[in-house]
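Here is a friendly walk through a protein model, meant for someone opening it up fresh. Have the sequence and the picture side by side as you read.

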Amino acid sequence: MGHSVSDDHQRTDMDIESHHSQRLADEILPVHKVSLPPQQNLMKEIAASVKETFFSDDPFRPFKDQTKSRKLVLGAQALFPILEWGRHYNLKKLKGDLIAGLTIASLCIPQDIGYSKLANLPPQYGLYSSFVPPLIYAFMGSSRDIAIGPVAVVSLLLGTLLQGEIDHVTHPEEYLRLAFTATFFAGITQAALGLFRLGFLIDFLSHAAIVGFMGGAAITIALQQLKGFLGIKDFTKKTDIISVMHSVWGTVHDEWNWQTILIGAVFLAFLLFAKYIGKKKKKLFWVAAIAPLISVILSTFFVYITRADKHGVQIVRNLKKGINPSSVNQIYFSGDFLGKGIRIGVVAGMIALTEAAAIGRTFAAMKDYQLDGNKEMVALGVMNIAGSMTSCYVATGSFSRSAVNYMAGCHTAVSNIVMSGVVFLTLELITPLFKYTPNAILSAIIISAVIGLIDFEAALLIWKIDKFDFVACMGAFFGVVFVSVEIGLLIAVSISFAKILLQVTRPRTALLGNLPQTSIYRNIEQYPDAKKIPGILVVRVDSAIYFSNCNYVRERILRWLRDEEEQLKEKGQPPIQCLIIEMSPVTDIDTGGIHALEELFRSLQKREVQLVLANPGQVVIDKLYASKLVELIGQDWIFLTVADAVKTCSPKAAGSLPVV
């Protein structure tokens, strides 16, 4: 016990000594005031704001101090990046691009035939969409690794939205025309976002929502493939899991075909095994890449020699030969379907853009090069506009093909040109050979491809990092799986915006305390050693103060004050005499925020508490002076640091030693 008392005395002596040292330092160091920044020209301020919003990457910098002819060349290179990197192209790069292009072509051909079925389109339209769009992207795109073509999620989304307007079975021509119209306006949307430099809009769809949406779409796509996998003829047109499973189990005795199931199961096992080998040994990535084409060849040959199609095995049958016919005159530019085409196109275009942006950034980071997001949007938009006029539906970057393209050693977008050339030869020469390809093998290829879209690790990481993000992820996932793709997408967007609104309207605040033997003030919850100063309450606001959150900020600060005074009253300690607001994180303040501070000042006056501001930034202090709030509070109560504010307030506050 005696030893404990001695320790207490020693600790008290140390605290007193530390406090005296701090007071000596405080007496030596001057108190700094916040200076008013020089007045800026209004037009220059607006121009700077516009530049940071829309031209943050300074795209016109290369044109500075250049001749007119040089500016013309740079402009052409900006629009067609191939003119820039093409000057340094060589045989070594061609070899890598040739191998990569042939490899992704072997993967894309069977996938394209299957994905066109997801969009409820004849199989040749999937191949059309891997012929024209990749060629255009190769000239206009800035990514070296993206492989262009139809993708599962966009195909399903487009098919679902189109089917909601026109039945593809009873009105195939109108359905096809609406698909081209939607593709045209998807391209217009993408190109407009790039030209007007509005690419930041796609960032409003959070990563968590995308993970959930992609996972839900993968489950939905896989479930849709049960029609071909089991040989079912009469299948539900709905995409939710309950309707699909009801349709599956309701036909178990009537329509399930054991030969179809056998073919599908055997080749699905082969495809999954090939994918496992490709992941296990990176050098064998080509095994997973060519496995779909090998599966198509073997299954087609098997059905042909056994004539399994006469025993209930459904086959592709008609795959139209020849390259893309023109579809300019099939796009709706007027009438009732124009509005529907615009609505579907905008949604499909945004999702396609989001997927392509995520893929492009991923591989650009891996190879350490810069990707121009606005150029990408223009390139994707132009290729889809051109695609809509050449019988294509919405194309974008494919993750599976881009991964294969990367691992195959591609150097430039020439790999897309090679792939497009192989698709051209396929359309001209090989399409009749796909006549006996069983639908079950296409279903197996799609199932094996979309499994990779279910990212369990990302979902687990989201749960660990941010529970609200996890709610967004699961909301999008269950919305897609249990309702529909468009509802899942709506939930994803809604929750993403809800999170933004919540963070804006309910910013974080914190009580600060002094770290012993320093002049640093930190959150007392994060740093338990940080000690409150008697008679002084230090609060930090971790957000800009706008009309949307100003009332909450004012009320939250007053609640901090009320709670603190109640605790002091219970302990019989002096009341708060100064309330210091640490404003370092407050990046901006509007008229609503100014009024909230005025109301806070008057509320504190009634309580005989002095309002003190610490370290307001340039924008904030400028507005405080403009609104004459500085005159109301008093210029002497605005400080550069919390330590300066505490030093000035300490004689006014009761007591001198920090509370232990």
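## Charges over rings

Let's start with a detail you can zoom in on: R177 lies over the face of Y332, at 4.1 Å from the ring centre. You'll find another such arrangement at W560, where the charged end of R556 sits over the ring, 4.0 Å from its centre.

## How far to trust the picture

Keep in mind that this is a predicted model. The protein averages a pLDDT of 88, and 91% of the residues score at least 70. Residues 1–12 are another story: their pLDDT is below 50, and beyond near neighbours in sequence this stretch has zero contacts in the model.

There's also residues 653–660, where pLDDT stays under 50. For that stretch the model does have 21 contacts beyond four places in sequence. Where pLDDT is low, the predicted coordinates should not be read in detail.

## Strand β6 and its neighbours

Now for strand β6, which covers residues 578–582. Is β6 enclosed or open? Five of its five residues are buried, so the strand is largely enclosed by the rest of the structure. In a regular strand the side chains alternate between the two faces of the sheet. Here both faces are covered: C578, I580 and E582 are buried on one side, and L579 and I581 are buried on the other.

Which strands pair with β6? One is β5 (residues 536–541), which runs parallel to β6 and is joined to it over five bridges. If you want to trace that pairing, look for I536 with its bridge partner C578, and for V538 with I580. Another is β7 (residues 610–614), also paired with β6 in the parallel sense over five bridges. There, I581 stands opposite L613.

Helices come into it as well. Helix α23 (residues 550–571) joins β5 and β6 in a right-handed β-α-β unit. A right-handed β-α-β unit is also made by β6, helix α24 (residues 591–606) and β7.

## Strand β5, one step over

Strand β5 deserves a look of its own. Six of its six residues are buried, so β5 too is largely enclosed by the rest of the structure. I536, V538 and R540 point one way, while L537, V539 and V541 point the other way, and all are buried.

Besides β6, strand β5 pairs with β3 (residues 509–514), this time in the antiparallel sense and over four bridges. In that pairing, L511 of β3 has V539 as its bridge partner in β5.

## Aromatic pairs

The structure holds 14 aromatic pairs. A pair of aromatic rings is described by the distance of the centres and the angle of the planes. Take F477 and F478: they're edge-to-face, 5.2 Å centre to centre, with 80 degrees between the planes. F478 also pairs with F482, and because those centres are 5.9 Å apart and the planes at 35 degrees, that pair is tilted.

How many residues separate F478 and F482 in helix α21? They're four residues apart in this helix (residues 467–482), which means about one helical turn lies between them. Both rings belong to partly exposed residues: F478 has a relative accessible area of 41%, and F482 has one of 43%.

Elsewhere, Y125, Y128 and F180 form one aromatic cluster.

Conventions. Residues are numbered from 1 along each chain as its sequence is written. Side-chain values use heavy atoms; hydrogens and water are left out. pLDDT is the predictor's confidence in each residue, from 0 to 100. Contact means heavy atoms within 4.5 Å. Buried means under 20% relative accessible area, exposed over 50%, partly exposed in between (1.4 Å probe, protein chains only). Helices (H or I, at least four residues) and strands (E, at least two) are DSSP runs, numbered from the N terminus. Two strands pair if DSSP finds at least two bridges between them. A crossover is right-handed if, with the strands pointing away from the viewer, the path from the first strand over the helix to the second runs clockwise. Rings of Phe, Tyr and Trp (its six-membered ring) pair if their centres lie within 6.5 Å; planes under 30 degrees apart count as stacked, over 60 as edge-to-face and the rest as tilted. A charge sits over a ring if NZ of Lys or CZ of Arg is within 6 Å of the ring centre and within 35 degrees of the ring normal.
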